[in-house]
Amino acid sequence: MTTPVGVFANGASPYGCLDMVGNVWEWTRSLYLPYPFDADDPKRENPQTADDIFRVVRGGSWFDRRDGARCAYRYRNRPGLRSDLSGFRVVLRSSPVP
């Protein structure tokens with residue numbers, strides 16, 4: 001099952017980020033394209049793409065094998081998919097200080 005953020009504090013990144021892999025697959029904006037692809041192609045993250053086109057999910061989930069629980073591990077799903085294996089991370093940044 002999923003766990004609350006911070007349960008595995010020993011797994012924090014050098015930047016203090018917690019639970020970056022292995023809890024749930026994290027959705028990205030990237031379209032799922034076969035490697036190699038052009039990272040500078042603006043169509044790679046086109047938000048206007050139809051919902052039946054695969055998007056990249058990363059990080060593995062609690063249900064996957066241990067070797068899949070890493071940031072570089074990539075899979076694909078359709079945006080309409082809902083399950084307890086997938087989630088998203090909300091990223092906030094503070095306003096620039098003048």
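## Salt bridges, to begin with

A salt bridge is a side-chain nitrogen of Lys or Arg within 4 Å of a carboxyl oxygen of Asp or Glu. Asp67 and Arg65 make one of these, with 3.4 Å between their closest N and O atoms. Arg65 is out in the open, with a relative accessible area of 63%, while Asp67 is partly exposed at 49%. Keep in mind that what you're looking at is a predicted model.

How many salt bridges turn up in the whole structure? A full search finds 3. Let's look at the others, which bring us to Glu45.

## Glu45 and its two arginines

Glu45 pairs with Arg29, and here the closest N and O atoms sit 2.8 Å apart. Glu45 belongs to the loop between strand S1 (25-31) and strand S2 (55-58), whereas Arg29 is in strand S1 itself, so this pair ties together parts that are 16 residues apart in sequence. Glu45 also has a salt bridge with Arg44, this time with an N to O distance of 3.7 Å. Through shared partners, Arg29, Arg44 and Glu45 end up in one salt-bridge network.

So are the members of this little group buried or exposed? Arg29 is exposed, at 59% relative accessible area. Glu45 is partly exposed, at 26%. Arg44 is buried, with a value of 18%, and it counts that way because buried means under 20%.

## The sheet

Now for the strands. There are 4 of them in an open sheet, lined up in the order S3-S2-S1-S4, and the pairing is mixed. Which strands stand at the edges? Those are strand S3 (74-77) and strand S4 (86-87); each has a single partner strand, so one side of each is left without a neighbour in the sheet.

S1 and S2 run antiparallel and are joined by 3 bridges. If you'd like to find a spot where they meet, look for Trp27: its bridge partner in S2 is Val57.

## Rings that pair up

A pair of aromatic rings is described by the distance of the centres and the angle of the planes. This structure holds 4 aromatic pairs. One of them is Tyr35 with Phe37, a stacked pair with 5.3 Å from centre to centre and 15° between the planes. Tyr35 is exposed, with 53% relative accessible area, and Phe37 is partly exposed at 27%.

Trp62 and Phe63 make an edge-to-face pair instead, with centres 5.7 Å apart and planes at 80°. Trp62 comes out as partly exposed, at 29% relative accessibility, but Phe63 is exposed at 58%. Then there's a cluster: ring pairs link Trp25, Tyr73 and Tyr75.

## Arginines over rings

Which ring does Arg74 lie over? That would be Tyr35, with Arg74 placed over the ring's face at 4.0 Å from its centre. Tyr35 has already come up as the stacking partner of Phe37, so it's a handy residue to click on.

Phe54 has an arginine over its face as well: Arg76, at 5.0 Å from the ring centre. Both Arg74 and Arg76 fall within the range of strand S3 (74-77), one of the edge strands of the sheet.

How values were computed. Residues numbered from 1 in each chain as written. Predicted model: local features only at pLDDT ≥ 70, side-chain atom pairs only at ≥ 80, totals over all residues. Heavy atoms only, no water. Helix = DSSP H or I, 4+ residues; strand = E, 2+ residues; numbered from the N terminus. Buried < 20%, exposed > 50% of the residue type's maximum accessible area, 1.4 Å probe, protein only. Pairing = 2+ DSSP bridges. Phe/Tyr/Trp six-rings, centres within 6.5 Å; stacked < 30°, edge-to-face > 60°. Lys NZ or Arg CZ within 6 Å of the ring centre and 35° of its normal.
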